[in-house]
Amino acid sequence: MQLGLGLYRHMLTRDNFQFARQAGATHIVAHLVDYFKGGAHNPDDNQPTGTPRGWGQAGDPEKLWSAGELRDLRQAVEAEGLKLEAIENFDPAHWHDVLLDGPKKSRQLENVKTIIRNLGEAGIPIMGYNFSLAGVCGRTTGPYARGGAMSVGMEGPLEEPMPHGMVWNMVYDANAPKGLVPPITHAELWRRLEIFLREILPVAEEANVKLALHPDDPPLPTMRGQPRLVYQPQLYQKVIDLNPSPANALEFCVGTLAEMSAGDVYDAVDTYSRLGRLAYVHLRNVHGKAPFYRETFIDEGDVDVPRVLRILKQNNFGGVIIPDHTPQMSCAAPWHAGMAYALGYLRAAVQGLVPA
Ligand SMILES: [Mn+2]
(Lines give C-alpha, C1' and ligand atoms only; values in the text may rest on other atoms or scores of the structure.)
Protein backbone atom coordinates (compact mmCIF):
# COMPACT_ATOMS: atom_id res chain seq x y z
CA MET A 1 0.00 0.00 0.00
CA GLN A 2 1.26 3.42 -0.92
CA LEU A 3 -0.01 6.90 -0.15
CA GLY A 4 -0.84 9.51 -2.71
CA LEU A 5 -2.34 12.98 -2.91
CA GLY A 6 -5.02 14.12 -5.34
CA LEU A 7 -4.48 17.59 -6.80
CA TYR A 8 -6.94 19.74 -8.74
CA ARG A 9 -5.78 21.21 -12.02
CA HIS A 10 -4.74 24.60 -10.66
CA MET A 11 -2.82 22.85 -7.88
CA LEU A 12 -0.47 20.93 -10.20
CA THR A 13 2.55 22.97 -9.16
CA ARG A 14 6.05 22.22 -7.95
CA ASP A 15 5.17 23.57 -4.49
CA ASN A 16 2.26 21.17 -4.16
CA PHE A 17 4.33 18.21 -5.37
CA GLN A 18 6.90 19.09 -2.70
CA PHE A 19 4.10 19.45 -0.14
CA ALA A 20 2.84 15.95 -1.03
CA ARG A 21 6.30 14.47 -0.68
CA GLN A 22 6.86 16.28 2.63
CA ALA A 23 3.55 14.94 3.98
CA GLY A 24 4.63 11.37 3.25
CA ALA A 25 2.94 10.75 -0.10
CA THR A 26 4.79 8.90 -2.84
CA HIS A 27 2.21 9.30 -5.63
CA ILE A 28 0.05 11.99 -7.25
CA VAL A 29 -3.43 11.65 -8.72
CA ALA A 30 -4.04 14.60 -11.04
CA HIS A 31 -7.30 16.23 -12.09
CA LEU A 32 -7.07 17.89 -15.50
CA VAL A 33 -10.68 19.07 -15.66
CA ASP A 34 -11.00 22.63 -14.38
CA TYR A 35 -13.99 22.34 -12.05
CA PHE A 36 -13.75 25.95 -11.00
CA LYS A 37 -14.08 27.72 -14.35
CA GLY A 38 -16.86 30.32 -14.37
CA GLY A 39 -18.90 28.66 -11.64
CA ALA A 40 -20.24 30.13 -8.40
CA HIS A 41 -19.30 28.03 -5.43
CA ASN A 42 -16.86 27.64 -2.60
CA PRO A 43 -13.28 28.89 -3.04
CA ASP A 44 -10.97 26.91 -5.28
CA ASP A 45 -8.86 25.71 -2.36
CA ASN A 46 -11.75 23.41 -1.39
CA GLN A 47 -13.50 20.66 -3.34
CA PRO A 48 -16.12 22.21 -5.63
CA THR A 49 -19.81 22.23 -4.64
CA GLY A 50 -21.42 24.56 -7.20
CA THR A 51 -25.03 25.59 -7.73
CA PRO A 52 -27.93 24.03 -9.67
CA ARG A 53 -25.96 25.24 -12.74
CA GLY A 54 -23.15 22.94 -11.61
CA TRP A 55 -19.50 23.64 -11.02
CA GLY A 56 -19.09 25.79 -14.10
CA GLN A 57 -17.93 25.61 -17.69
CA ALA A 58 -16.45 22.46 -19.17
CA GLY A 59 -13.19 22.73 -21.10
CA ASP A 60 -12.36 23.09 -24.79
CA PRO A 61 -14.05 20.34 -26.85
CA GLU A 62 -11.33 20.54 -29.51
CA LYS A 63 -8.39 20.31 -27.13
CA LEU A 64 -7.77 16.76 -25.97
CA TRP A 65 -5.02 16.15 -23.41
CA SER A 66 -1.96 15.37 -25.53
CA ALA A 67 0.71 12.75 -24.92
CA GLY A 68 3.22 15.61 -24.71
CA GLU A 69 1.46 17.55 -21.97
CA LEU A 70 0.76 14.33 -20.05
CA ARG A 71 4.42 13.35 -20.27
CA ASP A 72 5.49 16.85 -19.13
CA LEU A 73 3.20 16.48 -16.12
CA ARG A 74 4.58 13.03 -15.28
CA GLN A 75 8.13 14.36 -15.52
CA ALA A 76 7.33 17.38 -13.34
CA VAL A 77 5.90 15.03 -10.70
CA GLU A 78 8.90 12.70 -10.95
CA ALA A 79 11.32 15.62 -10.65
CA GLU A 80 10.04 16.03 -7.08
CA GLY A 81 10.54 12.35 -6.25
CA LEU A 82 6.93 11.23 -6.78
CA LYS A 83 5.08 9.06 -9.28
CA LEU A 84 2.04 10.10 -11.30
CA GLU A 85 -0.40 7.25 -10.62
CA ALA A 86 -3.60 8.40 -12.32
CA ILE A 87 -5.54 11.07 -14.11
CA GLU A 88 -8.95 11.47 -12.51
CA ASN A 89 -12.08 12.29 -14.57
CA PHE A 90 -12.77 13.04 -18.21
CA ASP A 91 -13.83 16.54 -19.21
CA PRO A 92 -17.56 16.71 -20.11
CA ALA A 93 -16.47 18.75 -23.16
CA HIS A 94 -14.77 15.63 -24.52
CA TRP A 95 -17.42 12.98 -23.81
CA HIS A 96 -20.84 14.56 -23.02
CA ASP A 97 -22.59 12.70 -25.80
CA VAL A 98 -21.13 9.38 -24.62
CA LEU A 99 -22.99 9.97 -21.36
CA LEU A 100 -26.08 11.47 -23.02
CA ASP A 101 -26.15 9.16 -26.06
CA GLY A 102 -26.17 12.29 -28.22
CA PRO A 103 -25.30 12.95 -31.88
CA LYS A 104 -21.55 13.34 -31.25
CA LYS A 105 -21.27 10.01 -29.45
CA SER A 106 -19.14 8.13 -31.97
CA ARG A 107 -16.71 11.03 -32.39
CA GLN A 108 -16.46 11.42 -28.62
CA LEU A 109 -15.81 7.70 -28.10
CA GLU A 110 -12.82 8.34 -30.36
CA ASN A 111 -11.86 11.27 -28.09
CA VAL A 112 -11.78 8.93 -25.11
CA LYS A 113 -9.71 6.38 -27.04
CA THR A 114 -7.23 9.09 -28.00
CA ILE A 115 -6.93 10.27 -24.39
CA ILE A 116 -6.36 6.69 -23.17
CA ARG A 117 -3.70 6.10 -25.83
CA ASN A 118 -2.06 9.40 -24.84
CA LEU A 119 -1.97 8.33 -21.18
CA GLY A 120 -0.34 5.07 -22.21
CA GLU A 121 2.22 6.87 -24.33
CA ALA A 122 2.98 9.23 -21.45
CA GLY A 123 3.44 6.32 -19.03
CA ILE A 124 0.44 7.03 -16.77
CA PRO A 125 -1.11 3.71 -15.68
CA ILE A 126 -4.66 4.64 -14.59
CA MET A 127 -7.57 6.75 -15.87
CA GLY A 128 -10.25 7.31 -13.22
CA TYR A 129 -13.76 8.15 -14.39
CA ASN A 130 -17.29 8.64 -13.17
CA PHE A 131 -20.03 7.49 -15.57
CA SER A 132 -22.83 9.73 -14.38
CA LEU A 133 -25.36 12.13 -15.89
CA ALA A 134 -25.99 14.33 -12.85
CA GLY A 135 -22.43 13.91 -11.52
CA VAL A 136 -21.28 14.97 -8.09
CA CYS A 137 -24.10 17.39 -7.28
CA GLY A 138 -26.50 18.39 -4.52
CA ARG A 139 -23.93 18.80 -1.79
CA THR A 140 -23.78 21.57 0.76
CA THR A 141 -20.93 23.20 2.67
CA GLY A 142 -21.04 23.86 6.41
CA PRO A 143 -19.15 23.67 9.70
CA TYR A 144 -19.85 19.93 9.78
CA ALA A 145 -16.56 18.50 11.05
CA ARG A 146 -14.89 18.52 14.46
CA GLY A 147 -14.29 21.96 15.93
CA GLY A 148 -16.60 23.54 13.36
CA ALA A 149 -14.26 22.76 10.47
CA MET A 150 -15.88 23.59 7.14
CA SER A 151 -16.77 20.45 5.26
CA VAL A 152 -19.13 19.07 2.64
CA GLY A 153 -22.30 17.09 3.14
CA MET A 154 -25.84 16.57 1.98
CA GLU A 155 -29.06 17.78 3.56
CA GLY A 156 -31.62 15.99 1.42
CA PRO A 157 -32.13 14.84 -2.16
CA LEU A 158 -31.79 17.03 -5.24
CA GLU A 159 -34.21 16.15 -8.01
CA GLU A 160 -34.39 19.46 -9.89
CA PRO A 161 -34.02 18.38 -13.55
CA MET A 162 -30.91 19.28 -15.54
CA PRO A 163 -31.21 21.85 -18.33
CA HIS A 164 -29.97 21.05 -21.83
CA GLY A 165 -26.30 21.84 -22.27
CA MET A 166 -25.40 20.38 -18.91
CA VAL A 167 -24.06 16.98 -17.85
CA TRP A 168 -21.84 15.61 -15.09
CA ASN A 169 -22.55 18.76 -13.08
CA MET A 170 -20.88 21.04 -15.64
CA VAL A 171 -22.08 23.18 -18.55
CA TYR A 172 -20.71 21.97 -21.88
CA ASP A 173 -22.95 24.18 -24.05
CA ALA A 174 -23.95 27.55 -22.59
CA ASN A 175 -26.08 28.28 -25.70
CA ALA A 176 -28.08 25.06 -25.67
CA PRO A 177 -31.78 25.42 -26.47
CA LYS A 178 -34.07 25.85 -23.48
CA GLY A 179 -35.57 22.74 -21.98
CA LEU A 180 -34.69 19.85 -19.75
CA VAL A 181 -32.73 16.64 -20.31
CA PRO A 182 -35.45 13.96 -20.41
CA PRO A 183 -35.10 11.27 -17.74
CA ILE A 184 -33.84 7.83 -18.78
CA THR A 185 -34.11 4.44 -17.09
CA HIS A 186 -31.45 2.62 -15.09
CA ALA A 187 -31.38 -0.07 -17.81
CA GLU A 188 -30.61 2.55 -20.44
CA LEU A 189 -27.74 4.01 -18.39
CA TRP A 190 -26.26 0.52 -17.87
CA ARG A 191 -26.56 -0.05 -21.61
CA ARG A 192 -24.58 3.14 -22.25
CA LEU A 193 -21.86 2.02 -19.82
CA GLU A 194 -21.72 -1.40 -21.45
CA ILE A 195 -21.18 0.13 -24.90
CA PHE A 196 -18.57 2.49 -23.47
CA LEU A 197 -16.63 -0.37 -21.87
CA ARG A 198 -16.87 -2.54 -24.97
CA GLU A 199 -15.44 0.28 -27.10
CA ILE A 200 -12.79 1.59 -24.72
CA LEU A 201 -11.41 -1.39 -22.80
CA PRO A 202 -9.59 -3.04 -25.74
CA VAL A 203 -7.82 0.28 -26.34
CA ALA A 204 -7.03 0.60 -22.63
CA GLU A 205 -5.58 -2.92 -22.55
CA GLU A 206 -3.39 -2.18 -25.55
CA ALA A 207 -2.24 1.11 -23.99
CA ASN A 208 -1.57 -0.58 -20.65
CA VAL A 209 -3.96 1.79 -18.89
CA LYS A 210 -6.59 0.75 -16.35
CA LEU A 211 -9.99 2.38 -16.59
CA ALA A 212 -11.18 2.83 -13.02
CA LEU A 213 -14.81 3.63 -12.17
CA HIS A 214 -15.71 5.85 -9.21
CA PRO A 215 -19.08 5.01 -7.60
CA ASP A 216 -21.86 7.61 -7.72
CA ASP A 217 -21.19 10.37 -5.22
CA PRO A 218 -23.59 11.08 -3.56
CA PRO A 219 -24.84 7.47 -3.81
CA LEU A 220 -28.58 7.63 -4.47
CA PRO A 221 -30.70 5.70 -7.03
CA THR A 222 -31.48 8.96 -8.82
CA MET A 223 -30.35 12.57 -8.73
CA ARG A 224 -31.81 15.43 -10.73
CA GLY A 225 -34.37 12.92 -11.99
CA GLN A 226 -31.67 10.80 -13.67
CA PRO A 227 -30.62 7.26 -12.74
CA ARG A 228 -27.26 6.45 -11.18
CA LEU A 229 -25.18 3.30 -11.58
CA VAL A 230 -23.22 2.38 -8.45
CA TYR A 231 -25.28 3.61 -5.48
CA GLN A 232 -25.10 0.41 -3.38
CA PRO A 233 -21.95 -1.68 -2.79
CA GLN A 234 -23.13 -4.75 -4.70
CA LEU A 235 -23.61 -2.68 -7.87
CA TYR A 236 -19.84 -2.54 -8.26
CA GLN A 237 -20.07 -6.29 -9.00
CA LYS A 238 -22.38 -5.50 -11.89
CA VAL A 239 -19.67 -3.25 -13.39
CA ILE A 240 -17.11 -6.06 -13.10
CA ASP A 241 -19.54 -8.56 -14.61
CA LEU A 242 -20.28 -6.27 -17.58
CA ASN A 243 -16.84 -6.81 -19.09
CA PRO A 244 -14.11 -9.31 -18.14
CA SER A 245 -11.21 -7.14 -19.36
CA PRO A 246 -8.41 -6.78 -16.79
CA ALA A 247 -8.47 -3.06 -17.62
CA ASN A 248 -12.02 -2.86 -16.20
CA ALA A 249 -11.09 -1.63 -12.73
CA LEU A 250 -12.43 0.35 -9.80
CA GLU A 251 -11.59 3.78 -8.42
CA PHE A 252 -12.66 2.53 -5.04
CA CYS A 253 -14.14 5.32 -2.90
CA VAL A 254 -14.54 4.15 0.70
CA GLY A 255 -16.28 7.38 1.75
CA THR A 256 -18.93 6.99 -0.94
CA LEU A 257 -19.40 3.31 -0.02
CA ALA A 258 -19.90 4.35 3.61
CA GLU A 259 -22.60 6.84 2.52
CA MET A 260 -24.60 4.02 0.85
CA SER A 261 -27.77 2.98 2.68
CA ALA A 262 -27.31 -0.79 2.25
CA GLY A 263 -24.43 -3.20 2.66
CA ASP A 264 -21.42 -3.10 4.92
CA VAL A 265 -18.38 -1.04 4.03
CA TYR A 266 -15.88 -3.60 5.42
CA ASP A 267 -17.51 -6.45 3.46
CA ALA A 268 -17.31 -4.30 0.33
CA VAL A 269 -13.62 -3.52 0.91
CA ASP A 270 -12.95 -7.21 1.49
CA THR A 271 -14.94 -8.44 -1.52
CA TYR A 272 -13.52 -6.08 -4.13
CA SER A 273 -9.93 -6.00 -2.88
CA ARG A 274 -9.94 -9.81 -2.82
CA LEU A 275 -10.91 -9.75 -6.51
CA GLY A 276 -7.84 -7.66 -7.23
CA ARG A 277 -9.95 -5.06 -9.07
CA LEU A 278 -9.00 -1.93 -7.14
CA ALA A 279 -6.96 0.43 -9.31
CA TYR A 280 -6.64 2.95 -6.48
CA VAL A 281 -8.48 3.91 -3.34
CA HIS A 282 -10.14 7.11 -2.10
CA LEU A 283 -10.11 6.94 1.68
CA ARG A 284 -12.03 9.50 3.72
CA ASN A 285 -14.44 9.39 6.61
CA VAL A 286 -18.09 10.34 6.81
CA HIS A 287 -20.95 10.53 9.27
CA GLY A 288 -24.44 9.45 8.16
CA LYS A 289 -25.90 8.01 4.97
CA ALA A 290 -27.00 9.67 1.72
CA PRO A 291 -28.98 11.87 1.38
CA PHE A 292 -28.09 13.03 4.91
CA TYR A 293 -24.38 12.76 5.58
CA ARG A 294 -21.36 14.88 6.44
CA GLU A 295 -17.74 14.44 5.47
CA THR A 296 -15.57 14.37 8.60
CA PHE A 297 -11.92 14.26 9.55
CA ILE A 298 -10.30 10.90 8.83
CA ASP A 299 -10.47 9.86 12.51
CA GLU A 300 -13.96 11.01 13.54
CA GLY A 301 -16.60 9.53 11.22
CA ASP A 302 -18.49 6.24 11.05
CA VAL A 303 -15.67 4.39 9.25
CA ASP A 304 -13.04 2.48 11.23
CA VAL A 305 -10.17 3.51 8.93
CA PRO A 306 -7.50 1.25 10.49
CA ARG A 307 -9.88 -1.69 9.96
CA VAL A 308 -10.22 -0.76 6.27
CA LEU A 309 -6.42 -0.61 5.98
CA ARG A 310 -6.05 -4.00 7.69
CA ILE A 311 -8.45 -5.59 5.19
CA LEU A 312 -6.62 -4.01 2.25
CA LYS A 313 -3.32 -5.29 3.62
CA GLN A 314 -4.70 -8.80 4.22
CA ASN A 315 -5.86 -8.93 0.62
CA ASN A 316 -2.48 -7.72 -0.66
CA PHE A 317 -3.68 -4.43 -2.11
CA GLY A 318 -0.48 -2.92 -3.51
CA GLY A 319 -1.90 0.23 -5.05
CA VAL A 320 -2.25 3.85 -4.02
CA ILE A 321 -4.55 5.30 -1.37
CA ILE A 322 -5.39 9.02 -1.46
CA PRO A 323 -7.27 11.00 1.22
CA ASP A 324 -9.98 12.04 -1.32
CA HIS A 325 -11.47 15.05 0.54
CA THR A 326 -10.90 16.49 3.99
CA PRO A 327 -12.51 19.25 6.03
CA GLN A 328 -10.88 22.68 5.87
CA MET A 329 -8.77 23.60 8.90
CA SER A 330 -8.88 27.11 10.38
CA CYS A 331 -5.53 28.56 9.37
CA ALA A 332 -3.80 30.29 6.48
CA ALA A 333 -3.77 27.10 4.38
CA PRO A 334 -7.07 25.30 5.13
CA TRP A 335 -6.86 22.70 2.33
CA HIS A 336 -3.21 21.88 2.87
CA ALA A 337 -3.58 21.57 6.64
CA GLY A 338 -6.51 19.18 6.15
CA MET A 339 -4.58 17.04 3.70
CA ALA A 340 -1.41 17.03 5.82
CA TYR A 341 -3.49 15.88 8.78
CA ALA A 342 -5.12 13.06 6.77
CA LEU A 343 -1.82 11.94 5.22
CA GLY A 344 -0.08 11.96 8.59
CA TYR A 345 -2.86 9.86 10.09
CA LEU A 346 -2.82 7.41 7.18
CA ARG A 347 0.96 7.14 7.20
CA ALA A 348 1.00 6.34 10.90
CA ALA A 349 -1.78 3.78 10.45
CA VAL A 350 -0.01 2.10 7.51
CA GLN A 351 3.33 2.07 9.36
CA GLY A 352 1.57 0.47 12.32
CA LEU A 353 0.51 -2.34 10.00
CA VAL A 354 3.85 -2.68 8.30
CA PRO A 355 6.59 -1.90 10.85
CA ALA A 356 9.78 -0.52 9.31
MN1 LIG B 1 -14.17 9.68 -3.96
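The following exchange asks how several descriptions of this predicted model follow from its computed values.

User: What kind of model is this, and how are its residues numbered?

Analyst: It is a predicted model, in which local features need pLDDT of at least 70 and side-chain atom pairs count only at pLDDT 80 or more, while totals for chains, interfaces and linings use all residues. Residues are numbered from 1 along each chain as its sequence is written.

User: What makes strand 1 and strand 2 a pair, and in which sense do they run, parallel or antiparallel?

Analyst: Two strands pair if DSSP finds at least two bridges between them, and strands themselves are DSSP runs of E with at least two residues, just as helices are runs of H or I with at least four, numbered from the N terminus. Strand 1 (residues 2-7) and strand 2 (residues 27-31) are joined in the parallel sense over four bridges, so the requirement of at least two is met. Within this pairing Gly 4 stands opposite His 27, and Gly 6 stands opposite Val 29. Strand 2 also runs parallel to strand 3, with five bridges between them, and there Ile 28 faces Leu 84.

User: Which strands make up the closed barrel, and how are they paired?

Analyst: Eight strands close the barrel in the order 1-2-3-4-9-12-13-16, with parallel pairing. From one strand to the next the twist averages 30 degrees, where axes are lines fitted to C-alpha atoms, for helices over the stretch in contact, and angles run from 0 to 180 degrees between N-to-C directions. Helix 2 (residues 67-78) packs on the sheet, touching strand 2 and strand 3 (83-88), and its direction makes about 135 degrees with that of strand 3.

User: Why is the unit of strand 1, helix 1 and strand 2 called right-handed?

Analyst: A crossover is given that name if, with the strands pointing away from the viewer, the path from the first strand over the helix to the second runs clockwise. Strand 1, helix 1 (residues 14-22) and strand 2 make a right-handed β-α-β unit, so their path runs clockwise in that view.

User: How do you know that the buried residues of helix 1 line one face?

Analyst: The buried residues of helix 1 include Phe 17, Phe 19 and Ala 20, a residue being buried if 20 or more other C-beta atoms lie within 10 Å of its own, exposed if 12 or fewer and partly exposed in between, with C-beta atoms placed from the backbone. Seen down the axis of helix 1, the buried residues fall within an arc of 155 degrees, so they line one face of the helix; the arc is that of the directions from the helix axis to the C-beta atoms. They pack against strand 1, strand 2, helix 2 and helix 10, whereas the face turned away from the buried side carries the exposed residues Arg 14, Asp 15 and Gln 22.

User: Why does Asn 316 count as exposed, and why does Asp 324 count as buried?

Analyst: Asn 316 has 10 C-beta neighbours inside 10 Å, so it counts as exposed under the limit of 12 or fewer. Asp 324 has 24 such neighbours and therefore counts as buried, the requirement being 20 or more. Asn 316 has a positive phi of about 60 degrees although it is not a glycine, and Asp 324, likewise a residue other than glycine, has a positive phi near 65 degrees. Asn 316 is found in the loop between helix 9 (305-314) and strand 16 (320-322), and Asp 324 in the loop between strand 16 and helix 10 (334-353).

User: Why is Thr 222 called partly exposed, and which residues does Thr 222 touch?

Analyst: Thr 222, found in strand 10, has 17 C-beta neighbours inside 10 Å and so counts as partly exposed, a value in between the limits for exposed and buried. Not counting residues up to four places away in sequence, Thr 222 touches Glu 159, Pro 227 and Arg 228, where contact requires C-beta atoms, placed from the backbone, within 7 Å. The C-alpha atoms of Thr 222 and Glu 159 are separated by 7.7 Å, although these residues are 63 residues apart along the chain.

Methods. Contact = placed C-beta atoms within 7 Å.
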